[in-house]
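The following report describes selected features of a single structure, shown below. Strand pairing is treated before helix packing and individual residues.

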Amino acid sequence: SGSLEEVVFRTEKERKRIKGGFAMYYKSYEEAVANIINSKLDYTILLEIKRQFTYARIECVISATNLAQSLGCAKSKVNTVLSAMVKEQMLLKVARGIYRLNPYMVLPFRSDGELLQNEWTQLVGEQRALLAAETLN
């Protein structure tokens, strides 16, 4: 008949819990920072450590000696801040000198938050299982 028939398409959106378009911070991040920082130097060290993590580098080798030299401070100061970051669960110590940023506190720009959070949960679970096994032995 030559007339156009109107067809209605139903679009379905797939929603993800986390979108990593911008660096995202969570409430526990602010609390952790408040517990870590005691001076302006502590804040400078924290920012320098955090700056090393990107969407492409989720695990970083952090050398307290090199960081102290580049910032012009004592190695013990860098170690104190690193230890506080691990204690506050902002960082996870994967191996000697290798750390991973907690994606539940900070998501680097353009990162896949869901993937990083699943990996984090798995790593923490594995470390807890190892600690429990060592405690029993």
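## Pairing of S3 with S4

In this predicted model, strand S3 (91-95) and strand S4 (residues 98-101) run antiparallel and are joined by four bridges. Several of the partners can be named individually. Leu91 has Leu101 of S4 as its bridge partner, Leu92 is matched with Arg100 of S4, and Lys93 has Tyr99 as its partner in that strand.

The two strands form a hairpin with two residues between them. Gly97 in this hairpin adopts a positive phi near 80°.

## The three-stranded sheet

S4 also pairs with strand S2 (residues 59-61), again in the antiparallel sense, and this pairing spans three bridges. Cys60 stands opposite Tyr99 of S4. Tyr99 is thus named in both pairings, as the counterpart of Cys60 and as the bridge partner of Lys93.

Together, three strands make an open sheet with the order S2-S4-S3 and antiparallel pairing. Which strands form the edges of this sheet? They are S2 and S3, because each of these pairs on one side only. Neighbouring strands of the sheet are turned against each other by 35° on average, with direction ignored. In general, the strands of a sheet pair through backbone hydrogen bonds, in either a parallel or an antiparallel manner.

## Packing of H2 against H4

The axes of helix H2 (residues 40-51) and helix H4 (residues 75-87) come within 10 Å and cross at roughly 65°. H2 is therefore roughly perpendicular to H4, given that angles of 65 to 115 degrees are assigned to that class. The crossing of these two helices is right-handed.

On the H2 side, the contact is made by Leu41, Asp42, Ile45, Leu46 and Ile49. H4 contributes Lys77, Val78, Val81, Leu82 and Met85. Sorted by class, the contact of H2 with H4 comprises eight nonpolar residues, two charged residues and no polar ones.

## Packing of H3 against H4

Helix H3 (residues 64-71) also packs on H4, at an angle of about 115° and with the axes 8 Å apart. H3 passes H4 in a right-handed crossing.

In this contact, Ala64, Thr65, Leu67 and Ala68 of H3 meet Lys75, Val78 and Asn79 of H4. The class composition is four nonpolar, two polar and one charged residues. Val78 is named in the contact with H3 and also in the contact with H2.

## Ile49, a buried residue of H2

Is Ile49, a residue of helix H2, buried or exposed? Ile49 has a relative accessible area of 0% and is therefore buried, the cut-off being under 20%.

Leaving aside residues up to four places away in sequence, Ile49 touches Ile62, Leu67, Val81, Leu82, Met85 and Leu91. Among these, Val81, Leu82 and Met85 belong to the H4 side of the contact with H2, Leu67 is one of the H3 residues that meet H4, and Leu91 is the bridge partner of Leu101 in S4. The C-alpha atoms of Ile49 and Ile62 are separated by 7.6 Å, the two residues being 13 residues apart along the chain.

## Leu116, a buried residue of H5

Leu116 is placed in helix H5, which covers residues 113-136. Its relative accessible area is 10%, so Leu116 also falls under the 20% limit for a buried residue.

The contacts of Leu116 are with Ile58, Pro103, Leu107 and Ser111, not counting residues up to four places away in sequence. The C-alpha atoms of Leu116 and Tyr55 lie 9.5 Å apart, with 61 residues of separation along the chain.

## Positive phi angles in two loops

Gln89 is located in the loop between H4 and strand S3. Although Gln89 is not a glycine, its phi is positive, at about 65°. Gln89 has a relative accessible area of 48% and is partly exposed.

Arg110 lies in the loop between strand S5 (106-107) and helix H5. Arg110 likewise is not a glycine and has a positive phi of about 65°. With a relative accessible area of 47%, Arg110 is partly exposed, because this class covers values between the buried limit of 20% and the exposed limit of 50%.

Note on methods. Residues are numbered from 1 along each chain as its sequence is written. This is a predicted model: local features need pLDDT of at least 70, side-chain atom pairs count only at pLDDT 80 or more; totals for chains, interfaces and linings use all residues. Side-chain values use heavy atoms; hydrogens and water are left out. Axes are lines fitted to C-alpha atoms, for helices over the stretch in contact, and angles run from 0 to 180 degrees between N-to-C directions. A crossing is left-handed if the near helix is turned anticlockwise from the far one by less than a right angle, and right-handed if clockwise. Contact means heavy atoms within 4.5 Å. Ala, Val, Leu, Ile, Met, Phe, Trp, Tyr, Cys and Pro count as nonpolar, Asp, Glu, Lys and Arg as charged, and the others, Gly among them, as polar. Buried means under 20% relative accessible area, exposed over 50%, partly exposed in between (1.4 Å probe, protein chains only). Angles under 35 degrees count as roughly parallel, over 145 as roughly antiparallel, 65 to 115 as roughly perpendicular and the rest as oblique.
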